[in-house]
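Trainee: I've got a new model open on my screen and I'd like to learn how to read it. Could you walk me through it?

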Amino acid sequence: MNKAITPGLTAVRAVSAQPRQGAPALWLMPLIAVLGLFYLYPVFDVFRYAFTDMTLLGKGDHYTVSTLINTLTRPELFEILWVTFVFTGASVLGQQVLGLAVALVVVRGEKRRLVGTMLLRTTALVAWVVPGVAGGIVWKMLFNGAPFGGLNSILRLLGMAPMQWLSDPDTVMWSVVVANIWRGTAFSMVVMYAALKAIDPVLYEAASVDGANPLQRFFYVTLPQLRAAIMVNLILITIQTLNTFDAVISLTGGGPGRATEVLSLYTFNMVFRNYDLAAGSVLSLLMLAISMGLALIYARFLPMESRS
Amino acid sequence: MKSENQARIGDVFSYLFMALMMLFFAWPLIWLLSLALRGRKEIYLGVARLIPHEPTLDNFTAILSSSQFAAYLVNALKLSTLSALGCLAVALPAAYAFSRFPLKGKGAWMMGLLSFQMISPLVIMIPLYRYMASIHMTESHFGVTMVYIALAVPTATWILKGFIDGIPESLDEAAMIDGCNRFSVFWRIILPLSTPGIASAFIITVIAGWSQFLVPFLLITKDNLMPIGVGIFQYAGTQNDSSLQVLAAACIVSVVPAIVAFLSLQRLILGAMTAGAVKG
């Protein structure tokens with residue numbers, strides 16, 4: 001723990017002995033108050049609501065387990081969970097793979113002094129800073145089904161038929177995933193970039209001496225060294241994607257039908273459109289349980305030394 | 001010679017991939033800009049008029065001169081800066097305490113703080129909406145600001161703690177020998193020395209506040225109190241294909257402040273963000 005002790009100072013420290021003491025409570029008070037008031041107590045209350053029949057309109061305030069049972073056995077819930085699974089799985093996979101690929105190219109580009117490396121990095125980051133709602137609106141313009149839409153007019157230029165990007169139930173999920181990968185990739189890129197920079201160059205020299213080709217260097221040096229960073233990144237982007245709400249509501253609103261109604265949107269609609277507070281609370285607990293479960297599963301794959 | 005050739009081939013593939021990625025990341029924004037600069041007629045000409053023949057700034061003038069949009073922008077600026085300041089006021093003392101005080105299970109505390117990220121804002125908004133409605137705090141910037149602060153404070157505390165960890169503790173000790181108490185060490189030494197950390201935490205919080213949608217969407221329904229994130233969503237709902245160019249201009253207006261804020265401190269922000277993620 002003691003970082004900065006020089007022999008001369010030790011004697012003085014013994015007398016004053018102050019810097020290691022003190023009550024942190026006062027300093028932590030504002031943080032504890034804010035988190036308690038706005039996180040812990042509300043979460044506790046969501047647990048309570050889940051066992052009632054409350055609505056946003058009336059008082060109906062009886063404790064019951066029927067809401068829990070009815071909500072979890074709703075016929076559409078399976079479809080919602082499947083949509084959420086596809087959306088989250090495809091987005092996370094896409095962001096992780098693309099983020100790593102871009103980071104690798106950026107690192108290589110910096111080493112070989114390729115032109116445009118910085119520009120690529122900055123452009124990806126700009127997409128990431130775009131607020132979710134605005135991102136949804138921008139992609140809605142690109143996916144415009146009319147022949148003059150941002151993608152359809154390119155297809156027309158190439159002599160292909162226009163696509164119904166957002167109104168065809170079979171296509172819409174992939175459109176939403178692409179839009180989400182566009183916005184989220186930069187985060188993975190930044191994490192992967194930092195992790196790549198932290199790999200000891202000696203490992204690569206050793207691999208070269210042993211005659212490893214670039215592909216072998218990637219699979220036997222780079223990937224194992226990145227393992228912890230990839231796992232941490234997966235935890236973070238999975239939770240971010242599960243909680244994604246603004247980008248979906250502004251791009252498709254969950255439609256057509258229920259084709260892109262992810263769990264967060266379904267929960268929102270349950271509470272604030274159907275006014276069913278209790279059922280919405282059950283669903284939000286389900287969201288919480290999924291996030292925690294996935295985080296724990298990923299954490300098991302962390303290398304031993306970075307687990308503590 | 002052989003390896004040099006190999007590297008050249010690698011460069012070619014790198015450039016190809018970079019070009020492809022550039023196109024992917026930049027195309028939506030290029031398209032947005034192209035639409036925003038067009039007149040009504042050129043909207044229907046698609047990509048053939050990527051560079052409009054008759055570019056116009058009318059759409060921007062229309063957006064920026066509408067009092068409605070001006071109010072959205074002012075509200076967003078107010079909410080995001082006030083909440084960022086509030087967030088620093090809460091996070092700075094906590095970060096200092098986590099960095100310097102002897103605390104049992106400090107690692108667990110810090111991980112616990114991080115795990116707040118797992119809780120979707122939607123989960124806490126369900127009860128918060130009820131509380132706020134019952135004490136008449138909906139339709140109020142104060143209520144929204146408080147929620148923003150709570151949402152941003154875990155990350156901000158992490159970033160600031162990382163920064164304060166980098167300031168040698170011998171400085172604290174020397175100052176205390178000279179008679180400073182904890183508070184004056186914090187005020188006179190730690191705060192001035194962590195300006196870069198404070199700046200990046202501030203900007204990250206401002207950008208997060210600017211992008212907020214769910215919280216103001218639920219708590220504010222009065223048009224003149226809405227921040228831009230909600231305003232543009234409502235506005236988009238009332239538009240159709242014949243006014244795409246105006247919506248595009250509105251989108252640019254809502255996006256540019258966040259981008260500028262980010263680019264101005266890009267290096268600092270990235271450093272602060274990755275410190276947490278890579279340390280794990």
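**Reading the helices and the contact**

Mentor: Sure. Start with helix α3 of chain B, residues 67-100: its 34 residues reach 49 Å from the first C-alpha to the last, close to the 50 Å expected at 1.5 Å a residue. Keep in mind that this is a predicted model.

Trainee: Where does α3(B) bend, and by about how many degrees?

Mentor: The bend sits at Ala91(B) and comes to about 25°. Look just past that point too: a proline, Pro93(B), follows within four residues.

Trainee: Zooming out, how many helices and strands does chain B have?

Mentor: Chain B comes to 13 helices and zero strands, so reading from the N terminus you meet α after α. The radius of gyration of chain B is 24 Å, while the globule rule gives 19 Å for 280 residues; chain B is therefore more spread out than a compact globule. Along the principal axes, its C-alpha atoms fill a box of roughly 75 × 75 × 35 Å.

Trainee: What share of chain B counts as buried?

Mentor: Of its 280 residues, 46%. Another thing to check is which parts of the sequence meet: among contacts in chain B with a separation of 6 or more, 77% come from residues 24 or more positions apart.

Trainee: And what does the secondary structure of chain A come to?

Mentor: Chain A has 13 helices and zero strands. Its radius of gyration is 25 Å, well over the 19 Å from the globule rule for 308 residues, so chain A is also more spread out than a compact globule. The box around its C-alpha atoms is roughly 70 × 65 × 30 Å. Buried residues make up 42% of chain A, and 65% of its contacts between residues at least 6 apart join residues at least 24 apart.

Trainee: How do I read the domains of chain B?

Mentor: Begin with the bounds. The domain assignment gives domain 1 as 2-36 and domain 2 as 59-279. The centres of these two domains of chain B, taken over C-alpha atoms, are separated by 33 Å. Four residues from domain 1 of chain B and eight residues from domain 2 of chain B take part in the contact. On the domain 1 side, the residues divide into four nonpolar, no polar and no charged.

Trainee: Now the two chains. How many residues does each give to the contact?

Mentor: In general, the size of an interface is often given as the accessible area lost when the parts come together. Here we have residue counts: 86 residues from chain A and 81 residues from chain B. On the chain A side, helix α2 (residues 25-50) gives the most, with 12 residues. By type, that side of chain A divides into 58 nonpolar, 20 polar and eight charged.

Trainee: Can we look at single residues? Where is Leu244(B) found, and which residues does it touch?

Mentor: Leu244(B) is in helix α12 (residues 244-264) of chain B. It has 23 C-beta neighbours inside 10 Å, and the cut-off is 20 or more, so Leu244(B) counts as buried. Not counting residues up to four places away in sequence, Leu244(B) touches Met141(A), Leu35(B) and Ile43(B).

Trainee: Which residues is Ile43(B) in contact with?

Mentor: Leaving aside neighbours within four places, the list is Phe148(A), Leu35(B), Arg38(B), Leu244(B) and Gln245(B). Ile43(B) lies in the loop between α1 (2-36) and α2 (58-65) of chain B, and with 20 C-beta neighbours inside 10 Å it counts as buried. Ile43(B) and Gln245(B) are 202 residues apart in sequence, yet 7.0 Å apart in space, C-alpha to C-alpha.

Trainee: What about whole helices: is α11(B) enclosed or in the open?

Mentor: Count its buried residues. Seven of the 10 residues of α11 (residues 228-237) of chain B are buried, so this helix is largely enclosed by the rest of the structure. Among them are Ile228(B), Phe233(B) and Tyr235(B). The buried residues of α11(B) pack against helices of both chains, including α6 (132-142) of chain A and α9 (195-211) of chain B.

Trainee: And how many residues of α9(A) are buried?

Mentor: Zero of the nine in α9 (residues 201-209) of chain A, so that helix lies largely in the open. Just after α9(A), check Gly211(A), which takes a positive phi of about 85°.

Definitions and conventions. Residues numbered from 1 in each chain as written. Chains lettered and ligands numbered in written order. Predicted model: local features only at pLDDT ≥ 70, side-chain atom pairs only at ≥ 80, totals over all residues. Contact = placed C-beta atoms within 7 Å. Helix = DSSP H or I, 4+ residues; strand = E, 2+ residues; numbered from the N terminus. Nonpolar A, V, L, I, M, F, W, Y, C, P; charged D, E, K, R; others polar. Domains from an automatic or database assignment. Expected span 1.5 Å × (residues − 1). Bend = angle between axes of the 7 residues up to and from the residue. Rg over C-alpha atoms; globule rule 2.2 N^0.38 Å. Buried ≥ 20, exposed ≤ 12 C-beta atoms within 10 Å, placed from the backbone.
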